[in-house]
Amino acid sequence: MAETETKLKPSLLLLARNLAIGAMAAAGGYYMVQTSEIVVVILGAGLLLVGPVMVLMPLFMGLPARGVCPQCGGTIETMSRDDRNLLCRGCDSYLDAGQGKLRRSDPNRVEAEPSFAAPSPWSDITLVVYPTVAFSASDKIQDWLTTKKGGVRVMEARWPQQCVVCGAKPARFDEMARQIAKPGNVMDTEIVVAAKGIPYCGAHKEGVVFERIDSATPGASGCFGLKFRSLTYRNAFMSANPWRFTWHQ
Ligand SMILES: [Zn+2]
Ligand SMILES: [Zn+2]
């Protein structure tokens, strides 16, 4: 039974858990930066930064909280008192936390960075790591497609015919790609994922990326998909394409 808003309860238990995770991350990071493996050092430095942030955040941002999704009734956990764009794994809705309540995010919201997740067609790609950053250079994509280097996958998507950022009439169509690594038992598989025909108006670009996706539902592992700047476009894209998040498998 869908409701307009639900109560959000601050949780000392969640705080204790976050503090423990933060402390472990910082301690792990401290040891990792002292090794000689560069990848381990980089990961360790990340943990060293994340750990104290997790410990200090409640001082500025309020206690983490727990509530139920107003759309489907599933459990939602927030990192702080005020939190935006929380994805519910139960119903794929976006929610905001604030003033002790959980509400649906404004469906017309457009963020400065891609924030709203949609599934990819590739149900075998779940956990990913990124050897490189995302790029949107069409010559590079063409190069990959013609040389057939490694596993290149081009997404066959239906793109609602409006700018992915502002919804205006499209003036051009972009491509984008990202090199990812799919962890395997023995070694990682490198894959290039690409999308073509992404509609944009004359003013916008980079409104969608391939990205790792997390939800605010506890116990959820991440998955892989797309992230849009526009929640309206994300919802239209999900209606136009039949794919589901891999955590539903
Ligand atoms: Zn829900
Ligand atoms: Zn636009």
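A residue counts as exposed if 12 or fewer other C-beta atoms lie within 10 Å of its own, as buried if there are 20 or more, and as partly exposed in between. The exercises below use these cut-offs on a predicted model.

**Exercise 1. Sort the residues of helix α1 into buried and exposed, and say where the buried ones lie around the axis.**

Step 1. Helix α1 covers residues 12-32, which is 21 residues. From its first C-alpha to its last it reaches 30 Å, close to the 30 Å expected at 1.5 Å a residue.

Step 2. N18, G22, A25 and G29 are the buried residues of α1. They cover an arc of only 65 degrees around the axis, so they sit on the same side of α1. An α-helix has 3.6 residues a turn, so residues three or four places apart point the same way.

Step 3. The other side of α1 carries the exposed residues L12, L13, A16, A20 and Y31.

**Exercise 2. Classify T35, Q99, D92 and R89 as buried, partly exposed or exposed from their C-beta neighbours.**

Step 1. T35 is in the loop between α1 and α2 (38-61). With 12 other C-beta atoms within 10 Å and a limit of 12 or fewer, T35 is exposed. Leaving aside neighbours within four places in sequence, T35 is in contact with V40 and V41.

Step 2. Q99 lies in the loop between β5 and β6 (101-104). Because Q99 has 10 other C-beta atoms within 10 Å, it is exposed. Its phi is near 50 degrees, a positive value in a residue other than glycine.

Step 3. D92 is found in the loop between β4 and β5. Its count of 19 other C-beta atoms within 10 Å makes D92 partly exposed. Phi of D92 is also positive, near 65 degrees, and D92 is not a glycine.

Step 4. R89 belongs to the loop between β4 and β5. R89 has 24 C-beta neighbours inside 10 Å and therefore counts as buried. R89 and D214 are 125 residues apart in sequence, with 8.8 Å between their C-alpha atoms.

**Exercise 3. Locate the largest nonpolar core relative to the two domains, and name the elements that build it.**

Step 1. The core has 42 residues. The members that touch the most other members are I76, L86, L95, V164, V193, I198 and F228.

Step 2. Elements that each supply at least two residues include β4 (83-87), β5 (94-98), β9 (172-182), β12 (223-228) and α4 (231-240). The largest share, six residues, is from β10.

Step 3. Domain 1 (5-104) and domain 2 (116-248) both contribute residues, so the core lies between them.

Step 4. Take F228 as an example. Not counting residues up to four places away in sequence, F228 touches P114, F116, A118, V164, G207, V208, Y233, R234 and F237.

**Exercise 4. Which helix has the lowest confidence, and which element has the highest?**

Step 1. The protein chain has four helices and 12 strands. Its mean pLDDT is 86, and 89% of its residues reach 70 or more.

Step 2. Confidence is lowest in helix α3 (residues 138-147), with a mean of 64. It is highest in α4, at 98.

Step 3. Where pLDDT is low, the predicted coordinates should not be read in detail.

**Exercise 5. What share of the protein chain is buried, and what share of its contacts with a separation of 6 or more joins residues 24 or more positions apart?**

Step 1. Of the 249 residues in the protein chain, 30% are buried.

Step 2. Among contacts with a separation of 6 or more, 64% are between residues 24 or more positions apart.

Conventions:
Residues are numbered from 1 along each chain as its sequence is written. Chains are lettered from A and ligands numbered from 1 in the order in which they are written. This is a predicted model: local features need pLDDT of at least 70, side-chain atom pairs count only at pLDDT 80 or more; totals for chains, interfaces and linings use all residues. A nonpolar core is a set of buried Ala, Val, Leu, Ile, Met, Phe, Trp, Tyr and Cys residues joined through C-beta atoms within 7 Å. Domain bounds come from an automatic or database domain assignment. Two residues are in contact if their C-beta atoms, placed from the backbone, lie within 7 Å. pLDDT is the predictor's confidence in each residue, from 0 to 100. The expected span of a helix is 1.5 Å times one less than its number of residues. The arc is that of the directions from the helix axis to the C-beta atoms.
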